[in-house]
Amino acid sequence: VLFLQIVHILNMTSAKIVSFLLHPEESLHSLQNRIESETGISTGNQELLLETGICLDPRKPASQCVIDGVRGWDSYMVYLFDKSKTVYDGPFASRSLSDCVNYIVQDSKIQVPIPQLRKVWAEAVHYVIGLKEDYSRLFQGQRAAMLSLLRYNANLIKMKNNMVSASQQLKAKLEFFHQSIRLDLERYSDQMAYGISSEKMLKAWKEMEEKASQCAQAEDIGYLDEQIMALHTEIVELQKSPYARRQGEVMESLEQRAIDLYKQLKARPPDHAYSDSTDMVKIIVQTVQSQDRVLKELFGHLSKLLGCKQKIIDLLPEIEVALNNIKEADNSVMQMQGKRQREIWHLLKIACTQSSSRSLVSSSLEGTASTPAATWLPQSCSGNSAPHPLSSLAAPEDGENFADMIRENVNYLELFSSILQEVRQEQSSMMVS
């Protein structure tokens with residue numbers, strides 16, 4: 001018997017306890033199927049919470065809901081919630097009276113012999129204690145729901161902080177992008193008259209600026225932030241609510257009064273005297289009324305907790321979508337920034353190539369101009385002496401110098417043509433990109 005594993009499930013929708021004997025190595029899914037057949041709550045809508053507010057792990061066996069050791073194993077509860085419901089309004093009937101207790105409740109003034117009355121009052125005390133324990137278990141279930149809500153809220157806060165951080169980073173990047181692209185457009189316009197121009201590239205840059213303005217929509221998370229802050233306020237109010245604390249003081253005092261009455265009756269000698277049950281019945285009625293009141297408050301508070309939890313569950317996917325949109329916008333901005341920087345460096349390369357080609361041409365022209373005219377022009381006679389008839393013909397050495405100069409100019413022309421061709425290819429490739 002000591003090795004048997006029994007799990008007690010408190011159904012918070014009906015305030016009833018169902019117990020199951022666990023089979024060795026039984027899976028949680030198997031236990032949920034048994035719970036569905038017993039309570040009518042489908043496995044998909046079942047939420048099983050431990051006292052700490054932790055939801056049972058479907059990857060672990062069903063024995064995770066049984067406390068280790070012997071002490072307290074028979075009173076340890078797992079709390080069952082229906083995820084399809086957020087309002088638990090009852091009515092929840094109190095535990096039924098035994099026949100003998102019901103007998104004195106129907107007529108509290110009836111005289112009953114003391115020995116028999118002791119047994120009846122003992123059951124009456126047990127009934128009053130049971131009412132208080134029923135409330136205590138349900139309050140513990142409400143507390144588990146509160147702890148579960150706080151866990152969801154902690155996850156919500158973490159995701160919200162990530163979202164706000166990502167939004168601020170995107171905002172900073174967009175401001176930097178807009179400032180840099182405005183400066184690039186201004187500088188580009190300044191150099192168009194004497195530098196390099198490309199209508200395609202200019203159009204692409206302006207499209208980048210418009211696309212960056214559209215990316216700014218992703219950083220707008222104000223509507224989500226407002227909902228999250230409203231939820232935080234609501235959760236704090238629920239934590240401060242008096243219904244979040246145990247309300248069984250009246251029931252505990254009634255329990256003590258019932259025990260004292262029973263002790264007084266038990267102290268009376270077992271003679272042939274009779275007595276009525278007026279005082280005990282008053283305590284029973286007051287305990288039932290007190291339980292009805294505190295249960296109504298408890299389940300009203302529980303419904304608010306579950307409503308907040310459902311709001312968080314609905315918000316989490318929206319935050320995920322906002323985070324993905326921010327990440328996509330961030331990647332898009334970084335890609336546009338990189339593309340524009342590559343294009344600027346490409347323009348710089350073209351400008352440097354054109355500058356070097358101009359310097360080569362100018363240096364070749366200067367070299368040609370500095371060549372002595374005497375090397376290729378006819379030499380004139382000095383003084384008044386008449387020119388020699390053959391002096392107008394080029395000497396063999398002068399002809400060789402002239403041929404060398406022509407070959408050098410041809411080489412410079414071929415080099416200049418190849419440089420111009422490379423520049424045209426680079427400009428065409430830049431236009432295409």
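Visitor: Leaving aside its neighbours within four places in sequence, which residues is M163 in contact with?

Guide: Please keep in mind that this is a predicted model. In it, once the neighbours within four places in sequence are set aside, M163 touches I221, L224, I228, I319, A322, L323 and I326.

Visitor: Which residues have the most contacts inside the largest nonpolar core?

Guide: The general idea is that, in soluble globular proteins, nonpolar side chains tend to be buried together. Here the largest nonpolar core has 78 residues, and F81 and M163 are the ones with the most contacts inside it. At least two residues of this core come from each of β4, α2 (99-106), α3, α4 (199-215), α5 (222-240), α6 (249-267) and α7 (278-369), while α3 gives the most, with 26 residues. Both domain 1 (6-82) and domain 2 (99-355) are represented, with at least three residues drawn from each. Apart from this core lies another, of 17 residues, which includes I41, A62, C65 and V66.

Visitor: In what order do the strands of the sheet stand?

Guide: To read a sheet, you follow the pairing from one strand to the next. In this open sheet of 4 strands the order is β2-β1-β4-β3, and the pairing is mixed. The edge strands, each pairing on one side only, are β2 (16-21) and β3 (46-49). On average, neighbouring strands of the sheet are turned by 30° against each other, direction ignored.

Visitor: How many bridges join β1 to β4?

Guide: Strand β1 (residues 6-11) and strand β4 (residues 77-82) run parallel and are joined by 4 bridges; looking at a single residue, you will find that N11 has L80 as its bridge partner in β4.

Visitor: Which strands does helix α1 lie across?

Guide: Helix α1 (residues 28-39) lies across β1, β2, β3 and β4, and runs at about 135° to β2. Helix α3 (residues 114-191) also packs on the sheet, where it touches β1, β2, β3 and β4, and its direction makes about 65° with that of β4.

Visitor: Where is A15 found, and where is E25?

Guide: A15 is found in the loop between β1 and β2, and E25 has its place in the loop between β2 and α1. For a backbone angle, it helps to look at both the sign and the residue type. Phi of A15 is near 60°, a positive value in a residue other than glycine, and phi of E25 is likewise positive, near 60°, again in a residue that is not glycine.

Visitor: Is E25 buried or exposed?

Guide: E25 is exposed, because its relative accessible area is 73% and the cut-off for exposed is over 50%. A15, with a relative accessible area of 27%, is partly exposed.

Notes: Residues numbered from 1 in each chain as written. Predicted model: local features only at pLDDT ≥ 70, side-chain atom pairs only at ≥ 80, totals over all residues. Heavy atoms only, no water. Pairing = 2+ DSSP bridges. Axes fitted to C-alpha atoms, helices over the stretch in contact; angles between N-to-C directions. Contact = heavy atoms within 4.5 Å. Core = buried A, V, L, I, M, F, W, Y, C linked by side-chain atoms within 4.5 Å. Buried < 20%, exposed > 50% of the residue type's maximum accessible area, 1.4 Å probe, protein only. Domains from an automatic or database assignment.
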